Amino acid sequence: MDSVLTGKKIRALRHSAGLTLEQLATALKIKKNMLSYYELGKSAISADLLSKIADYFDVSLDFLTERPYVFNESQLDSPCKCCIYSKITTDDFSDNDNNQLLHTITLPEYLMGKGNFFGLKITDDSLNMKNIPKGAVVIAREQDIASMGSVVIYIYKDGPAKYGIYSFTNENVIISPCSQNSGYKPEIFKIDDADFKIIGKVTWVLGPVA
């Protein structure tokens with residue numbers, strides 16, 4: 001991996017998103033000076049952080065590292081298993097006793113991309129202005145980071161998973177509804193609150209299911 005080239009791509013993505021060094025560093029939960037070193041190619045980026053950056057900007061690791069993507073026809077037949085839940089109370093998806101499993105479906109990997117996915121049935125109309133009605137199922141990629149304006153699924157303390165539009169400041173995380181119903185209010189959490197966890201970023205929406 002060419003650290004200088006990767007750093008230039010990260011900087012270009014950050015500029016395209018209109019983010020300052022401090023804002024992106026806050027989102028990635030790293031120090032501002034470390035992000036600056038990465039963008040200048042002065043420090044090697046760990047695989048874990050590189051994956052977080054790819055998730056944040058919705059780009060592939062191949063794009064960031066300049067590795068050529070090779071399509072294999074076998075991918076057309078590669079299924080992506082996805083469990084759909086009516087309620088999620090833990091981010092441990094291997095323990096279905098704590099989550100209320102509705103269905104298990106398979107989706108084509110060549111459309112979904114790499115990663116682990118899960119679904120959650122929407123139980124209210126807090127996202128109807130995003131064309132996500134009550135009863136629809138959102139399919140989310142398991143990840144703990146998201147970009148501004150993304151629809152995320154999150155857990156706070158021991159409560160059930162919720163969903164909303166994600167944004168943040170230097171001090172707070174803000175989860176906003178996107179609904180014609182004015183009764184919904186944003187939720188605000190301290191950015192360093194360990195009880196707040198993003199567990200997935202919504203990538204697909206399926207129609208209402210029984």
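Q: What is the sign of phi at the residue that follows α4?
A: Helix α4 is followed by D58, whose phi is positive, near 60°. Helices (H or I, at least four residues) and strands (E, at least two) are DSSP runs, numbered from the N terminus. The model is predicted, so local features need pLDDT of at least 70 and side-chain atom pairs pLDDT 80 or more, while totals for chains, interfaces and linings use all residues. Residues are numbered from 1 along each chain as its sequence is written, and side-chain values use heavy atoms, without hydrogens and water.

Q: Why is α4 called mostly covered?
A: Of the 11 residues of α4 (residues 47-57), 8 are buried, where buried means under 20% relative accessible area, exposed over 50%, and partly exposed in between (1.4 Å probe, protein chains only). The buried residues are L49, L50, K52, I53, A54, D55, Y56 and F57.

Q: Why is K29 called exposed?
A: Its relative accessibility is 67%, and the limit for exposed is over 50%; therefore K29 counts as exposed. K29 lies in the loop between α2 (21-28) and α3 (32-39).

Q: What makes the phi values of K29 and K157 worth noting?
A: Most residues other than glycine have a negative phi. K29 is not a glycine, yet its phi is positive, about 60°. K157, also not a glycine, has a positive phi of about 55° and lies in the loop between β5 (151-156) and β6.

Q: How do you know that W204 can belong to a surface patch?
A: W204, in strand β9 (residues 196-206), has a relative accessible area of 35%, and is therefore partly exposed. Patch residues need over 30% and no salt bridge (a side-chain nitrogen of Lys or Arg within 4 Å of a carboxyl oxygen of Asp or Glu); nonpolar side chains (Val, Leu, Ile, Met, Phe, Trp, Tyr) are joined within 5 Å, like charges within 9 Å. W204 makes a nonpolar patch of about 310 Å² with Y110 and L111.

Q: What makes up the lining of the second largest pocket?
A: The lining has 10 nonpolar, 5 polar and 6 charged residues, with Asp, Glu, Lys and Arg counted as charged. The pocket has a volume of about 290 Å³. Of its 21 lining residues, D124, S126, Y154, K162 and Y163 are the closest to its centre. Lining residues have an atom within 4 Å of a point on a 1 Å grid. Strand β6 gives the most to this lining, with 3 residues.

Terms used: Areas by Shrake-Rupley, 256 points an atom, 1.4 Å probe, with all protein chains shown as cover. 1 Å grid on protein atoms, 1.4 Å probe; cavity = no way out; pocket = protein on both sides within 12 Å on 5 of 7 lines; lining within 4 Å. Points joined across faces, edges and corners; volume = space filled by probe spheres on them.
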